[in-house]
Structures are given as structure tokens and as C-alpha cells.
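Got the model open in your viewer? Let's take a short walk through it, one selection at a time.

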Amino acid sequence: MMRILLPIVLLLWQDLAAQPPPGYYDAAEGLTGQSLTQALNGIISPHTVLPNNALWAAFESTDKKDDGTVWDMYSDVPGGVPSYVYQFVADQCGTYNSEGDCFNREHSFPQSWYNSLAPMSTDLFHLYPTDAWVNQQRANWPFGSVAQPQWTSTNGGKLGPCSWPGCTGTVFEPIDTYKGDFARSYFYMLTRYLPQLPGWTSPMMSEGAFLPWAESLLLAWHLNDPVSTKETDRNNAVFALQGNRNPYIDRPEWVQSIWGPMASVGTLADDVVKAWMHEGALYASDDLVAISPGWRVVDLSGRTVLQGRVTRAITPVPSTLSSGSYLILLDLGIRTHAIRFVH
């Protein structure tokens with residue numbers, strides 16, 4: 001029987017000037033998986049709920065550029081010159097007929113997904129000032145990747161059919177510079193509102209958790225677009241208004257601890273988990289087959305590439321799978337068991 005291996009994924013993150021109060025995260029230290037999520041929910045909940053009419057003034061402290069203009073992630077051109085810029089108050093919507101007319105409030109996690117209820121509807125950690133026309137084009141579509149856009153904004157945001165593996169339908173893809181910002185907003189939402197999640201309806205979620213394609217997409221965005229100074233400054237500004245923080249900006253490694261390929265992976269003895277890899281197939285003993293746990297194959301970025309349920313012998317490694325290292329994760333209820341293999 002192959003020895004069960006527990007890979008360790010170490011991520012190095014830039015030391016940014018996020019400033020949680022001393023001891024703010026003490027209750028979460030050393031935890032992973034659902035235990036970490038629960039602890040973080042207790043730390044960041046509840047928060048000071050802002051009234052809807054206070055959001056315009058709030059944006060002036062959370063989303064102001066150094067030159068005093070609105071920091072709009074749907075129109076900004078990092079390192080370049082955007083087609084338009086907005087001034088606070090003067091360019092607040094209003095009426096609009098095209099891109100560049102005015103800015104309004106984008107619920108990056110659409111309100112229809114949580115029935116437009118408070119306190120989600122005014123939570124600044126997923127609310128941003130954005131061009132009203134781009135906001136309208138994005139509408140309630142989920143985030144995703146778009147290879148053949150049907151519409152493109154002036155800064156390169158794209159609307160069209162989803163090209164991410166496992167994802168179908170229309171999606172909106174922001175520019176690369178801000179993908180991590182939106183991903184960490186989504187990770188925050190699923191942590192801050194943990195008790196409410198089962199009642200939410202979203203094309204990116206099922207039964208209170210991300211669908212596999214959405215989880216892998218957001219994890220990739222998080223890894224490819226690390227926390228920026230913009231985000232840390234905004235985290236501090238929102239903290240001053242709401243009294244809570246986005247932990248995935250302060251501690252980005254916690255995303256991997258909850259949603260990454262090694263989240264909650266525990267070491268179990270071979271006489272407890274009788275499963276092994278042999279010539280590209282996952283074999284399981286009779287007692288494991290009897291409970292038929294779920295399995296999924298993930299690459300080392302955390303993307304789920306295959307999934308199913310345990311039978312006597314399965315072959316989850318088709319010839320079309322790219323060469324590389326993978327993990328098979330066995331869902332054993334309160335714990336997850338990992339087997340590494342190379343294809």
C-alpha cells in the first residue's frame with residue numbers, strides 16, 4: 001500500500017501595512033478549514049451597519065485616489081490614462097445613458113443573491129463606487145473568465161460566455177489588477193454571513209458553499225493578484241467605519257487554509273483509511289466503499305479538475321489530464337484525507 005503523504009503548501013506574502021488591533025485574530029490562530037471560518041465569523045461579526053444614504057460619504061474615505069478622484073475598478077487603467085474620471089458628489093448618479101456619465105454603487109456580490117437584505121446590502125467590504133453603465137452591464141451576472149466577449153468596457157472588463165472549466169452561462173470578468181480584490185470580497189462574504197448562507201441563491205454557490213468552478217476561479221484570482229496597498233488602506237478605512245475587517249486582506253494565507261487544496265487535510269492512519277493509488281486508479285477497501293465518500297482531484301493551485309464518489313476501483317486520471325502533481329481529496333465528514341499522485 002502506498003504511504004499516505006501530507007503535502008505542505010507554503011506561500012510567501014508581501015508584508016503589507018494592514019493594521020488589525022493587537023490580539024484581534026487571536027481566536028483564529030492555528031486553525032484551518034471550518035474551524036477557522038467559524039472563528040473568523042465570530043471575530044468580524046457583528047459590525048456597525050451603515051444606512052444606505054451614508055455610503056456616498058463613506059466612499060470618500062474608502063475609495064479616493066491620491067488626486068482626490070473616485071477609485072473606480074471598472075474604469076481605472078493602472079499605469080495608463082482612463083477614458084474618464086469621476087469627482088465625488090459632482091459626478092454621483094443620477095441619470096446615465098453610456099459609459100462615463102456618472103458613478104453609482106456596485107454590489108459586487110449582487111443583492112438578488114441575498115434578497116437585498118441588511119446588513120449585507122450596505123456592507124462596504126463588497127460595495128464599490130463604479131461607473132453606472134458598466135455596473136448595469138455587469139448586472140447580476142456572476143464573475144468568471146471570458147474568452148469571447150459580447151461587450152467590453154473602456155478599461156477591458158468583459159461580459160460574455162464563461163470560459164472557465166465547469167462554468168457555463170454569461171459572466172463578467174474584471175481586469176486582472178482587481179481580480180484579487182473581488183475574490184477576497186467574496187471570501188469575506190462567505191465568512192461574515194456564515195449562518196445566513198444556506199438561504200442564499202447564487203449561480204456561484206450551492207447549499208451555502210462555492211460551487212467547485214467558482215471556488216477554483218476565486219482562488220486563482222486571489223493567488224494571481226496579491227493584496228495591494230490599495231486594499232490594505234481600504235481595509236483600514238472600512239474598519240474605521242464598520243468596526244470589522246476583511247481577514248483575507250490582513251492574512252491572505254488563510255484563504256488557502258479554508259479553500260485551498262490542503263484546507264482541513266488531516267493525517268489518518270492506514271488502518272483507518274484503506275485507500276491507495278495504483279497505476280492511475282484509486283482503490284478502496286470494502287469498509288470505505290460501504291460509506292461511499294466523495295472524492296475530488298485538485299491541482300496544486302486548488303482547482304478541482306475531477307470529482308465523484310468512491311467505488312471499489314475508479315480511474316480518475318484520464319489521459320487528457322495535463323502532466324503534473326495532483327491531490328485526491330477524500331471527504332470523510334469532519335476530516336479530509338489527501339493522497340498525492342503525479343500524472
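Start by selecting Lys-158: Glu-173 in β5 stands opposite. Before moving on, know that this is a predicted model, where local features need pLDDT of at least 70, side-chain atom pairs count only at pLDDT 80 or more, and totals for chains, interfaces and linings use all residues. Numbering runs from 1 along each chain as its sequence is written, and side-chain values use heavy atoms, with hydrogens and water left out.

Now select 158-161, which is β4 (strands are DSSP runs of E, at least two residues, numbered from the N terminus). Strand β4 runs antiparallel to β5, with 4 bridges joining them. Add β3 and you have an open sheet of 3 strands, ordered β3-β4-β5 with antiparallel pairing (a pair needs at least two DSSP bridges). The edges are β3 (151-152) and β5 (170-173), each paired on one side only.

Next, hunt for holes. There are 2 cavities of 30 Å³ or more; a cavity is a set of points on a 1 Å grid over the protein atoms alone where a 1.4 Å probe fits but cannot get out, and lining residues have an atom within 4 Å of a point. The volume is the space filled by probe spheres set on the points.

The largest cavity is about 90 Å³. Select its lining, including Phe-125, Tyr-128, Asp-181 and Arg-234. Helices α4 (179-192) and α6 (229-242) each give two or more residues, and α6 has the largest share, 5 residues.

Last stop: the second largest cavity, about 60 Å³. Among its lining residues are Lys-65, Asp-72, Pro-82 and Tyr-84.

Terms used
On a 1 Å grid over the protein atoms alone, a cavity is a set of points where a 1.4 Å probe fits but cannot get out, and a pocket is an open set with protein on both sides within 12 Å along at least five of seven lines; lining residues have an atom within 4 Å of a point.
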